[in-house]
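Student: Could you go through this model with me? I would like to start with the aromatic residues and then move outwards.

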Amino acid sequence: MASHIKSSQIHLRFSQDIKLLLQRLAQQPLTLGDILAETSQRGFSLTIALLVLPFLFPMPPGFTGPFGGACLLLSVQMVLGRRQPWLPKKIANYKFPRLFAQTLLQNLRRVTKILEKITRPRLVKIAENPLTWRLNGLCISWLAILLISPVPLTNPIPTVGILLLAVASIESDGLLMCVSYIFTALTTLLFAFIAYAVWMAPSLLPTIFK
């Protein structure tokens with residue numbers, strides 16, 4: 001009974017931060033610049049998570065380019081070792097529509113329920129190493145490029161990798177980061193296989209239908 005109560009009382013910083021942020025967005029439109037200013041250093045991971053969460057659920061079309069591009073820009077700054085995020089004025093002034101926040105809030109519990117089971121502070125020395133911060137940025141940058149790529153029905157795959165890295169950074173979970181690196185490598189292999197299959201398709205089709 002005690003262990004059940006203890007497990008039910010686990011609340012990740014990510015869960016609390018993203019829920020409060022989405023509740024505010026549902027009440028009044030906030031710009032990306034507002035969010036980054038309020039979340040300070042955690043703004044990198046929190047904003048990146050906010051940008052990729054829509055790709056886990058049915059959302060209106062047209063988000064991939066702008067959201068993926070903003071995610072890529074933030075992650076490149078992580079690679080460069082920046083701790084304070086920066087966005088161009090045009091992107092920073094983008095306001096999240098209320099429908100966006102309301103849709104995410106309706107589905108958020110499903111995500112946080114899974115994350116609360118797999119995430120907690122572990123291997124903190126690895127998680128807080130400056131080189132790890134840059135490596136996380138590099139992996140997120142690569143996954144953001146795969147997210148933007150015009151490969152149909154694959155958006156959730158790099159999204160999961162980006163989200164795991166963002167949450168691991170917020171929660172100082174070095175073990176989850178290591179798992180995310182393996183996931184990034186497997187995702188890269190999958191996209192390489194898809195690219196190879198597309199490349200070979202023109203020469204294989206005549207043989208198949210011979």
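Student: Phe44 and Trp133, are they buried or exposed?

Tutor: Phe44 and Trp133 are both buried, and I should say at once that what we are looking at is a predicted model.

Student: How many aromatic pairs are there in total?

Tutor: The count comes to two aromatic pairs. One of them is formed by Phe44 and Trp133, in an edge-to-face arrangement with 5.5 Å from centre to centre and 80° between the planes. This pair links distant parts of the chain, since Phe44 belongs to helix 4 (residues 43-52) and Trp133 to helix 9 (residues 130-148), with the two positions 89 residues apart.

Student: And Phe67 with Tyr94, what geometry do they have?

Tutor: Phe67 and Tyr94 also make an edge-to-face pair, with the ring centres 5.9 Å apart and an angle of 85° between the planes. Here too distant parts of the chain are linked, with Phe67 in helix 5 and Tyr94 in the loop between helix 6 and helix 7, 27 residues apart.

Student: Why does Phe67 count as buried, and why does Tyr94 count as partly exposed?

Tutor: Phe67 counts as buried because its relative accessibility is 3%, and the cut-off for buried is under 20%. Tyr94 counts as partly exposed because its relative accessibility is 30%.

Student: Back to Trp133, which residue lies over its face?

Tutor: Arg83 lies over the face of Trp133, at 4.3 Å from the ring centre.

Student: What about Arg82, where is that one, and what does it touch?

Tutor: Arg82 sits in the loop between helix 5 (64-79) and helix 6 (89-92). If neighbours within four places in sequence are left aside, Arg82 is in contact with Phe44, Gln77 and Trp133, and two of those names, Phe44 and Trp133, are the partners of the edge-to-face pair at 5.5 Å. In addition, a polar atom of the Arg82 side chain lies 2.9 Å from the backbone oxygen of Gln84.

Student: Which residue is 52 places along the chain from Arg82, and what separates the C-alpha atoms?

Tutor: That residue is Arg134, and the C-alpha atoms of Arg82 and Arg134 are separated by 8.9 Å. As for accessibility, Arg82 counts as partly exposed because its value is 37%.

Student: Let's look at helix 9 itself. What is its span, and which residues in it are buried?

Tutor: Helix 9 has 19 residues and reaches 27 Å from its first C-alpha to its last, which is close to the 27 Å expected at 1.5 Å a residue. The buried residues in helix 9 include Thr132, Trp133, Asn136, Gly137, Cys139 and Ile140, and further along the helix Ser141, Leu143, Ala144, Leu146 and Leu147.

Student: What caps its N-terminal end?

Tutor: Asn129 caps the N-terminal end of helix 9, with a side-chain oxygen that lies 2.8 Å from the backbone nitrogen of Leu131.

Student: New topic, helix 10. How much of it is buried, and what follows it?

Tutor: Helix 10 is mostly covered, with 13 of its 16 residues buried; it runs over residues 156-171 and reaches 22 Å from first C-alpha to last, close to the 22 Å expected. Ser172 follows helix 10 and has a positive phi, near 55°.

Student: Why would I pay attention to a positive phi?

Tutor: Most residues other than glycine have a negative phi. Ser172, a residue other than glycine, has a positive value, and its place is the loop between helix 10 and helix 11 (174-208). Ser172 counts as buried because its relative accessibility is 13%. Leu123 is another non-glycine residue with a positive phi, about 45°; it is found in the loop between helix 7 and helix 8 (124-127) and, at 45% relative accessibility, counts as partly exposed.

Student: Thr112 in helix 7, what does it touch?

Tutor: Not counting residues up to four places away in sequence, Thr112 touches Phe14 and Ser15. Thr112 lies in helix 7 (residues 98-118) and, at 3% relative accessibility, counts as buried.

Student: And the whole chain, how many helices and strands?

Tutor: The chain has eleven helices and zero strands. Of its 210 residues, 43% count as buried, and among contacts with a separation of 6 or more, 79% come from residues 24 or more positions apart. The accessible surface of the chain comes to about 11600 Å², and 68% of that belongs to carbon and sulfur atoms.

Terms used
Residues are numbered from 1 along each chain as its sequence is written. This is a predicted model: local features need pLDDT of at least 70, side-chain atom pairs count only at pLDDT 80 or more; totals for chains, interfaces and linings use all residues. Side-chain values use heavy atoms; hydrogens and water are left out. Helices (H or I, at least four residues) and strands (E, at least two) are DSSP runs, numbered from the N terminus. Buried means under 20% relative accessible area, exposed over 50%, partly exposed in between (1.4 Å probe, protein chains only). Contact means heavy atoms within 4.5 Å. A polar contact is a pair of N or O atoms within 3.5 Å; within protein, one must be able to donate a hydrogen and the other to accept it, and residues adjacent in sequence count only if both atoms are side-chain atoms. The expected span of a helix is 1.5 Å times one less than its number of residues. Accessible areas come from the Shrake-Rupley method with a 1.4 Å probe; for residues, only the protein chains shown count as cover. Rings of Phe, Tyr and Trp (its six-membered ring) pair if their centres lie within 6.5 Å; planes under 30 degrees apart count as stacked, over 60 as edge-to-face and the rest as tilted. A charge sits over a ring if NZ of Lys or CZ of Arg is within 6 Å of the ring centre and within 35 degrees of the ring normal.
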